[in-house]
Amino acid sequence: MFALLSNPSADAVLILLMACLFVAAALAMIWYGEDWGGPSVGFSVLGIDRGTPGCFVVLGGWLLLLIPVLAGIAFWLAR
């Protein structure tokens, strides 16, 4: 991986690939969040056997999608 980071053109490709994966993960959480949320199978003595509600999975997807935008706005305002 460090060999990839020493080449500027490979850096651009790696950054673009990571950005695409980040956006794809956030969009998947938004679109399929209601299906992914819900109760988990199993029993825990501590009571940690409840799943995450689907609306929180969708909210997490929106946060992942908007955090880079909000960071860009913050950096722009701070200059």
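This report describes the overall make-up of a predicted protein model, then one of its helices, a nonpolar surface patch and the surroundings of F22.

## Overall architecture

The protein chain contains three helices and zero strands, and its elements, read from the N terminus on, follow the order α-α-α. Of the 79 residues in the chain, 15% are buried.

The accessible surface of the chain amounts to about 6500 Å², and carbon and sulfur atoms account for 77% of that area. Where contacts between residues at least 6 apart in sequence are considered, 44% of them join residues at least 24 apart.

## Helix α3

Helix α3 spans residues 54-78 and thus comprises 25 residues, with a distance of 35 Å from its first C-alpha to its last, a value close to the 36 Å expected at 1.5 Å a residue. The helix nevertheless bends by about 35° at L66, and a proline, P68, follows within four residues of that position.

The buried residues of α3 are G54, V57, V58, G60 and G61. W62, which is also found in α3, is classed as partly exposed because its relative accessibility is 42%, a value that lies between the limits of 20% for buried and 50% for exposed residues.

## The nonpolar patch

A nonpolar patch of about 740 Å² is present on the surface, and the residues that make it are W62, L66, V69, L70, I73, W76 and L77. One of these residues, L66, is also the position at which α3 bends by about 35°, while another, W62, is partly exposed at 42% relative accessibility.

## F22 and its contacts with residues distant in sequence

F22 belongs to helix α2, which covers residues 8-36. With a relative accessible area of 36%, F22 is partly exposed, since the buried class requires a value under 20% and the exposed class a value over 50%.

When residues up to four places away in sequence are not counted, F22 touches L64 and P68. The C-alpha atoms of F22 and L64 are separated by 7.9 Å, although the two residues lie 42 residues apart along the chain. The other residue touched by F22, P68, is the proline that follows the bend of α3 at L66 within four residues.

Technical notes
Residues numbered from 1 in each chain as written. Predicted model: local features only at pLDDT ≥ 70, side-chain atom pairs only at ≥ 80, totals over all residues. Heavy atoms only, no water. Patch = residues over 30% accessible without salt bridge, like charges linked within 9 Å, V, L, I, M, F, W, Y side chains within 5 Å. Areas by Shrake-Rupley, 256 points an atom, 1.4 Å probe, with all protein chains shown as cover. Salt bridge = Lys/Arg side-chain N within 4 Å of Asp/Glu carboxyl O. Helix = DSSP H or I, 4+ residues; strand = E, 2+ residues; numbered from the N terminus. Buried < 20%, exposed > 50% of the residue type's maximum accessible area, 1.4 Å probe, protein only. Expected span 1.5 Å × (residues − 1). Bend = angle between axes of the 7 residues up to and from the residue. Contact = heavy atoms within 4.5 Å.
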